[in-house]
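Open your viewer, switch on side chains, and follow along from stop to stop.

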Amino acid sequence: MTVELESDYRPSEHEPFMNDRQREYFKNKLLQWKDDILKESKETLATLQEESQNHPDFADRASSETDRSIELRARDRQRKLISKIDAALERISDGSYGYCEETGEPISLRRLEARPIATLSIEAQEAHERREKVYRDD
């Protein structure tokens, strides 16, 4: 089911949590983010192919290889991000989007607005990071 949203619509605490409008809003936000990443990725690929020419100078070649390595790492991070976006879209479909995976409580709209792929509430995320820090310090 597709819900028609006004262009200035923003989810509000004054409406039922994860109603049809909010789910459609976040779905659109996630799809746009994914589309932007994919477009950027195609542009980078084209640039990398153009730059794959032979550089006669060792310094130029080294610089080009460093740039290429950095770009490929960024692409890998974006590939992982796309998989998180796809997982969030799946949660929208199955009705679990917007709810903390640990507590089942709603994740705040402000957090979802800032990080639409969030799976934990702020409190659960902070507790997770504290546990991580304790184990890292051992």
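Start by selecting E6. With a relative accessibility of 43%, E6 falls between the cut-offs of 20% and 50%, so E6 counts as partly exposed. Keep in mind that this is a predicted model.

Now add R21 to the selection: the side chains of E6 and R21 form a salt bridge, 2.8 Å from N to O. This pair ties together distant parts of the chain, as E6 sits in the segment before helix 1 and R21 in helix 1, 15 residues apart. R21 is partly exposed too, at 30% relative accessibility.

Stay in helix 1 and pick D20 and R23, which lie three residues apart, about one helical turn. Their salt bridge brings the closest N and O atoms to 2.3 Å. R23 is partly exposed at 27%, and D20 likewise at 34%.

Next, select E102 and R131, whose side chains meet in a salt bridge at 3.5 Å, N to O. Here the loop between helix 2 and helix 3 is linked to helix 4 (residues 122-137), across 29 residues. For a network, show D76, R79 and K80, joined by salt bridges that share partners. How many salt bridges does the structure hold? There are nine.

Finally, turn to the largest nonpolar core, with 21 residues; F26, L30, I85, Y97 and L112 have the most contacts inside it. Helix 1 (20-50), helix 2 (58-94) and helix 3 (109-114) each supply at least two of its residues, and helix 2 gives the largest share, six. Centre on L112 to see its contacts, including F17, M18, F26 and Y97.

How values were computed: Residues are numbered from 1 along each chain as its sequence is written. This is a predicted model: local features need pLDDT of at least 70, side-chain atom pairs count only at pLDDT 80 or more; totals for chains, interfaces and linings use all residues. Side-chain values use heavy atoms; hydrogens and water are left out. A nonpolar core is a set of buried Ala, Val, Leu, Ile, Met, Phe, Trp, Tyr and Cys residues joined through side-chain atoms within 4.5 Å. Buried means under 20% relative accessible area, exposed over 50%, partly exposed in between (1.4 Å probe, protein chains only). Helices (H or I, at least four residues) and strands (E, at least two) are DSSP runs, numbered from the N terminus. Contact means heavy atoms within 4.5 Å. A salt bridge is a side-chain nitrogen of Lys or Arg within 4 Å of a carboxyl oxygen of Asp or Glu. Lists of a residue's contacts leave out its neighbours within four places in sequence.
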